[in-house]
Amino acid sequence: MKVTVNGVWKETSAGTAFMLRAETFPDREVLVLNGFQISEDAVLHDGDHVYIGKKGVFPERDELHALMSARHTPGVHARVSGATVGVAGLGGLGSNIVAMLARLGVGRLVIADFDVIEPTNLNRQNYYVEHIGMSKAKATADAVGRINPFIEVVTHDVRITPDNAASMFGGCDVVCEAFDSPTEKAMIVNTLMEKCPGLALVCGSGLAGFGDSNDIHTVKRMGNLYVCGDGFSAARIGTGLMSPRVGICAGHMANAVLRLLMGEEIR
Amino acid sequence: MRVNGAEVNLDRPFTLSEYLKAAGYDCLRVAAELNGAIVPRAKYDVVALDDGDSLEIVGFVGGG
C-alpha cells in the first residue's frame, strides 16, 4: 500500500495510522488523516494522506506544505498554494479576509490600503493595540507572516484609484473588494470589470448593524461578480459596523474565493 | 426590457443614467451590465435602453 507521510509517498505495510506513526515518527503526537485530526486509531487505505507532527514545533517549509495539504480537504492545498488573490482595502472585511486566506495557505497575496490603524478600528478589524499608527498594509503583511511565513505578500501602501487598480490586481486569480465607502466599492468594481475582463471579483455590500446573520449571503451577479452581504444594511449614523456581522461577511467572501479557486460554481 | 431579472415597461426613451436615477440609484454607487457586457461609467449618459434589453444593476451600500 502507498500513502503519503508528510507529503512524501511511502510504501508501507502498516495497517493503521498508529502503526504507520510507530514505523516513521514514533516520538510525534499529532496525526492528521485526509484532512481530519484523529485521536483514535484508523485503518489506512491506499492513497491516504497522513501528516505526523510534533506538538509545539514549527515545521520547515516542505513539512508545512505537507501539514497544510494533510489538514485541508484533499486537493485544496495544491490548488490554493498556487493561487494569487488580491484584497483591496484592509479594514474590517479586508484584514479578516487576509487572515483567512493566509490560514488557507493561498500562495500569493496582493494587499492594498493607504490608511493607518486607529483606535476606532479595533472593534472589528484584525489588529491589536500595538498596531495603532501603523500602516494597515504593513500590519496585515506582518500578520500573514505570523500565520504562514512562506506566503508571498505583495504590499501596496497607497490609495487605490482607477489609474492603478488594474496594474495592482490584474494578475490575480480572484480579487476581493473590501472597501468601506460605497462609491469606492463601485469604483474598483467598475474599473476592474472594464480593464480586466474575466477577472473574478468578490465584493461586500450590506453588513452593518446586528441584523439577522442569515440575511448575509453570497450571490453571483453578472459574469464574474460575486456579492456577499445582505445588500441593504449600510453603515450610517445610527447603524455601526460591528465585529460579528463584519466577520460573517468576511467569511462569506473568503469562502467564495476558496470555492472559485476550487472551480466550484457559485449561483 | 428586463432589469435584474424582472420585466420592466419603459414609457419613454431612457438613457442608462436617466433610468438609474428614476429607479432610485446613485450612479456613483452601482455597476451595470447591459446584455451581458459591463457598461463603462463614462457611457452612462449616452447608452440608450431599448426593448428587449437585459439590464443588471448591482448597487453598493457602505461598510467594510
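## Nonpolar cores

In this predicted model, the largest nonpolar core holds 44 residues. The members that touch the most others are Val87(A), Leu93(A), Ile97(A), Leu101(A), Leu109(A) and Val202(A). Helix α8 of chain A, residues 243–261, gives the most to this core, contributing ten residues. Apart from this core lies another, of 28 residues. Its members include Ala166(A), Val175(A) and Cys196(A), and also Ala31(B) from chain B.

Leu101(A) can serve as an example from the largest core. What does Leu101(A) contact, leaving aside neighbours within four places in sequence? Its partners are Val85(A), Val87(A), Val106(A), Leu109(A), Ala254(A) and Val257(A). Two of these partners, Val87(A) and Leu109(A), are themselves among the residues that touch the most other core members.

## Helix α2 of chain A

Helix α2 of chain A spans residues 61–71. Leu64(A), Ala66(A), Met68(A) and Ala70(A) are buried in this helix. Against which elements do the buried residues of α2(A) pack? The strands are β3 (30–33), β4 (36–37) and β5 (49–53) of chain A. The helices are α3 (76–80) and α4 (92–104), also of chain A.

## Two domains of chain A

The domain assignment divides chain A into domain 1, residues 2–72, and domain 2, residues 78–261. Their C-alpha centres lie 34 Å apart. The contact takes eight residues from domain 1 of chain A and eight residues from domain 2 of chain A.

The size of an interface is often given as the accessible area lost when the parts come together. Between domain 1 and domain 2 of chain A, the buried area is about 560 Å². Carbon and sulfur atoms give 69% of that area. How many salt bridges cross the interface of these two domains of chain A? The rule finds zero. It likewise finds zero residue pairs in polar contact across this interface, counting pairs with both residues at pLDDT 80 or more.

## Positive phi angles

Most residues other than glycine have a negative phi. Met222(A) has a positive phi, near 65 degrees. Met222(A) is found in the loop between β11 (217–221) and β12 (225–229) of chain A. Is Met222(A) buried or exposed? Its relative accessible area is 9%, so Met222(A) counts as buried, the limit being under 20%.

Asn35(B) is not a glycine either, and its phi is positive at about 50 degrees. Asn35(B) lies in the loop between β3 (30–34) and β4 (37–38) of chain B. Its relative accessibility is 46%, so Asn35(B) counts as partly exposed, between the 20% and 50% limits.

Technical notes
Residues are numbered from 1 along each chain as its sequence is written. Chains are lettered from A and ligands numbered from 1 in the order in which they are written. This is a predicted model: local features need pLDDT of at least 70, side-chain atom pairs count only at pLDDT 80 or more; totals for chains, interfaces and linings use all residues. Side-chain values use heavy atoms; hydrogens and water are left out. Buried means under 20% relative accessible area, exposed over 50%, partly exposed in between (1.4 Å probe, protein chains only). Helices (H or I, at least four residues) and strands (E, at least two) are DSSP runs, numbered from the N terminus. Contact means heavy atoms within 4.5 Å. A nonpolar core is a set of buried Ala, Val, Leu, Ile, Met, Phe, Trp, Tyr and Cys residues joined through side-chain atoms within 4.5 Å. Domain bounds come from an automatic or database domain assignment. Buried area is the accessible area (1.4 Å probe) that two parts lose on being put together, summed over both. A salt bridge is a side-chain nitrogen of Lys or Arg within 4 Å of a carboxyl oxygen of Asp or Glu. A polar contact is a pair of N or O atoms within 3.5 Å; within protein, one must be able to donate a hydrogen and the other to accept it, and residues adjacent in sequence count only if both atoms are side-chain atoms.
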